[in-house]
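Welcome! Take a moment to look over the sequence and the model below, and then let us walk through some of the places worth finding in it.

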Amino acid sequence: MAVSPKKPHVIVTRKLPDAIETRMMELFDTRLNADDKPMTQAQLIEAIKTADVLVPTVTDRIDARVLSQAGPKLRLIASFGTGVDHIDLDTARQRGVVVTNTPGVLTEDTADMTMALILAVARRVGEGERLVRAAKWTGWAPTAMLGARIWGKRLGIIGMGRIGQAVARRARGFGMAVHYHNRRRLHADIEKPLEATYWESLDQMLARMDIVSINCPHTPATYHLLSARRLKLMRPSAILVNTARGEVVDENALTRMLRAGELAGAGLDVFEHEPAINPKLIELDKVVLLPHMGSATLEGRIEMGEKVIINIKTFVDGHRPPDRVLAAMF
Ligand code: 8YV
């Protein structure tokens, strides 16, 4: 590989856990972002002009315009995160820049958060908490705060990769029937223990589910996969949960339907124009909104950082980094 200096110049765009930053400083000629302010496009361009390796996160848009400014030294983008929709993979490849991500280490945490949202929406956790904090709770009543039982309900998982399967395992424990739509049907060895039902047609699955969970990546093929037309196929009693990417859902159409009572609720950890959120969503009690924190555990963040370090180190040592991302994968 062509990284010339002994220690590659690594630019990290956001603050990472201390242990990771310390190790990166030891191993590489590292420039950190101590105040953690997201970089502007101009700062990103300056970074990729000077770095051998860039370590961005989901908050950095590494598009064709930014990549076209890459200096001759830039050889690796070692992204801190699993999703790579913030990086123009084709342009990176054309410019000979390798891209890596951090898959696997945030699977269980993201699946936990998916279950948390399913429970929070179905059992009105956010509403109940707000009631207590507002000192408006006047005492127990047989008909107060009635939610929907999740035991025995049908969960439709869109995207049955690592995270989708981890959600399915949890859902089984909660007594839900697992259904899924995926580009490919899973091998029977995976389907069987989950007693998962495969739907080739997303439209048909949507019409029959009580709860729908989005667990697929955002790609050109999944942009607005849940369009206004598809959202309309869902039952009015159904709940939608999204811990993947906001762009997979037409957020305006979803908001309209929730307001009109055409959907029972939604649990959203991700948004189409993060950190902006459709203000009309915020007004709705039947929606639980989280600030993209599905993978936010200390353990997860450290493991993500360790993966970034391994990817850089392997690459710098002239080997194929373990988490190399190919455009065709997405
Ligand atoms: C990460 C995520 O926190 O990894 C992903 O794809 O969506 C998040 O859970 C974030 O992307 C870090 O860059």
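Sorted by class, the shell around the ligand holds 3 nonpolar, 6 polar and 2 charged residues. Please keep in mind that this is a predicted model.

**Around the ligand**

Which residues make up that shell? They are Thr57, Val58, Phe80, Gly81, Thr82, Gly83, Leu106, Arg245, His292, Ser295 and Arg301. Three of these residues come up again in the table, which gives the distance from an oxygen atom of the ligand to an N or O atom in the side chain of each residue.

| Side chain | Distance to a ligand oxygen atom |
|---|---|
| Arg245 | 2.6 Å |
| His292 | 2.9 Å |
| Arg301 | 3.2 Å |

How much of the ligand's accessible area does the protein cover? On its own the ligand has 330 Å² of accessible area, and the protein covers 90% of that.

**The second largest pocket**

Next, let us visit a pocket. The second largest pocket has a volume of about 170 Å³. Its lining is made of 17 residues, and those closest to the centre of the pocket are Val121, Ala122, Arg124, Ala264 and Lys286. Which elements supply at least two residues each to this lining? Helix H5 (107-122), helix H6 (125-133) and strand S12 (287-289) each do so. By class, the lining of the second largest pocket is split into 8 nonpolar, 4 polar and 5 charged residues.

**A cavity**

How many cavities of 30 Å³ or more does a search of the whole structure find? The search turns up 1 such cavity. The largest cavity encloses about 40 Å³ of space. If you would like to find it in the model, look for the residues that line it: Asn242, Gly246, Val249, Glu251, Leu254, Leu268, Val270, Phe271 and Glu272. This lining of the largest cavity consists of 5 nonpolar, 2 polar and 2 charged residues.

**A pair of rings**

A pair of aromatic rings is described by the distance of the centres and the angle of the planes. In this structure the count comes to 1 aromatic pair. Tyr180 and Tyr198 form this pair, with 5.1 Å from centre to centre and 45 degrees between the planes, which makes it tilted. Tyr180 belongs to strand S7 (residues 177-181) and Tyr198 to strand S8 (residues 197-198), so the pair ties together parts that are 18 residues apart in sequence.

**Two spots in the backbone**

To finish, here are two details of the backbone. Where is the cis peptide bond? The bond from Glu274 to Pro275 is cis, with omega near 0 degrees. You will find Pro275 in the loop between strand S11 (265-268) and helix H12 (279-282).

The other spot is Ala135, which has a positive phi of about 55 degrees although Ala135 is not a glycine. Ala135 sits in the loop between H6 and strand S6 (154-158). Helix H6 is one of the elements named above for the lining of the second largest pocket.

Terms used. Residues are numbered from 1 along each chain as its sequence is written. This is a predicted model: local features need pLDDT of at least 70, side-chain atom pairs count only at pLDDT 80 or more; totals for chains, interfaces and linings use all residues. Side-chain values use heavy atoms; hydrogens and water are left out. On a 1 Å grid over the protein atoms alone, a cavity is a set of points where a 1.4 Å probe fits but cannot get out, and a pocket is an open set with protein on both sides within 12 Å along at least five of seven lines; lining residues have an atom within 4 Å of a point. Grid points are joined across faces, edges and corners, and a volume is the space filled by probe spheres set on the points. Helices (H or I, at least four residues) and strands (E, at least two) are DSSP runs, numbered from the N terminus. Ala, Val, Leu, Ile, Met, Phe, Trp, Tyr, Cys and Pro count as nonpolar, Asp, Glu, Lys and Arg as charged, and the others, Gly among them, as polar. A residue is near a molecule or strand if one of its heavy atoms lies within 4 Å of it. A polar contact is a pair of N or O atoms within 3.5 Å; within protein, one must be able to donate a hydrogen and the other to accept it, and residues adjacent in sequence count only if both atoms are side-chain atoms. Accessible areas come from the Shrake-Rupley method with a 1.4 Å probe; for residues, only the protein chains shown count as cover. Rings of Phe, Tyr and Trp (its six-membered ring) pair if their centres lie within 6.5 Å; planes under 30 degrees apart count as stacked, over 60 as edge-to-face and the rest as tilted.
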